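Subject: Structure for your review

Dear colleague,

Please find below the structure that I am handing over to you, together with its sequence. My findings follow beneath it.

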Amino acid sequence: NIINDDINSLSRRSLQKAGIEEDDIVAKPLIIKGFPLTGRGASTFKVKIGDDKQLRFTPIQITIINLLEHQLVSYQCVFDVLTGKALNEKTVEYFYKDIVSVSTETETAKLEDGSQINDAESFKLYTSGGTNITTTINSRSFVKTVGAINDSDYNIPTTEIDAAVQTIRKFVREKKLS
């Protein structure tokens, strides 16, 4: 599928942007897709619920986490599916010893237009320095504001996100104990 091809290209780009070699990675990259509540640039948010009840939208907030021996390197961008462009790219490196929490949580978030949503389910990774990686993975009220008619009648697969959280937790525990 085209989006998976684009994400594979972004995964390669994440290595290039961070200046790491593929041989340095010790596990399969973790990919978390979510909603770009802010920072979409000129991209217009479009949403559709398919016949299979899967929510499809553009642009997509992409977080790719590459696991190395002593640290993880994250790459984030807002990916415009229609143009194939990665916007607002960012890479950050965290040593496992500095990671204090990996979680999913529901919180309040502000949108670009200043409005607020109260059901932003997010993936979060926090460090001892107070920095974090955040990707909003679901918000039914956000989906409703951008045009999905029957917002309660769609699915967002969370298996990859749950697996990513578990994998990062495992790596952090192992590295902190060694």
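The notes below take the two sheets in turn, then the helix that packs on them, and lastly the aromatic residues. Please bear in mind throughout that this is a predicted model.

The four-stranded sheet

Four strands make up an open sheet, arranged in the order β1-β4-β5-β6 with antiparallel pairing. At its edges lie β1 and β6 (85-95), each of which pairs on one side only. Direction ignored, neighbouring strands of this sheet are turned against each other by 15 degrees on average. Within the sheet, strand β5 (residues 71-80) pairs with β6 in the antiparallel sense, and nine bridges connect the two. One position that may help you to find this pairing on screen is Y75, which stands opposite T91 in β6.

The three-stranded sheet

A further open sheet consists of three strands in the order β7-β8-β9, and here too the pairing is antiparallel. Its edge strands are β7 (99-110) and β9 (132-138), each pairing on one side only. From one strand to the next, the twist averages 25 degrees.

Strands β7 and β8 (residues 116-127) run antiparallel and are joined by 10 bridges. Two facing positions may serve as landmarks: E107 stands opposite A120 in β8, and A109 stands opposite I117 in β8. The two strands β7 and β8 form a hairpin with five residues between them. In the turn of this hairpin, G114 has a positive phi of about 90 degrees.

The helix on the sheets

Which strands of the four-stranded sheet does helix α3 touch? Helix α3 (residues 159-177) packs on that sheet through contacts with β1, β4 (60-67) and β5. The direction of α3 makes about 135 degrees with that of β1. Helix α3 also lies across β7, β8 and β9, where it runs at about 145 degrees to β7. The helix is therefore a useful point of reference when you view the model, because it packs on β1, β4 and β5 and lies across β7, β8 and β9.The aromatic residues

The structure holds six aromatic pairs, and two of them are described here. In the first described, the ring centres of F35 and F142 are 5.5 Å apart and the planes stand at 65 degrees, so the pair is edge-to-face. This pair links distant parts of the chain, 107 residues apart: F35 is in the loop between β1 (30-34) and β2 (46-49), and F142 is in helix α2 (residues 140-145). F35 counts as buried because its relative accessibility is 2%. F142 is likewise buried, with a relative accessible area of 2%.

The other pair described is formed by F45 and F57. Their ring centres lie 5.7 Å apart with the planes at 20 degrees, so this pair is stacked. F45 is in the loop between β1 and β2, whereas F57 is in strand β3 (residues 55-58), 12 residues apart. Both F45 and F57 are buried. Together, F35, F45, F57 and F142 form one aromatic cluster.

Yours sincerely

Conventions. Residues numbered from 1 in each chain as written. Predicted model: local features only at pLDDT ≥ 70, side-chain atom pairs only at ≥ 80, totals over all residues. Heavy atoms only, no water. Phe/Tyr/Trp six-rings, centres within 6.5 Å; stacked < 30°, edge-to-face > 60°. Buried < 20%, exposed > 50% of the residue type's maximum accessible area, 1.4 Å probe, protein only. Pairing = 2+ DSSP bridges. Axes fitted to C-alpha atoms, helices over the stretch in contact; angles between N-to-C directions. Contact = heavy atoms within 4.5 Å.
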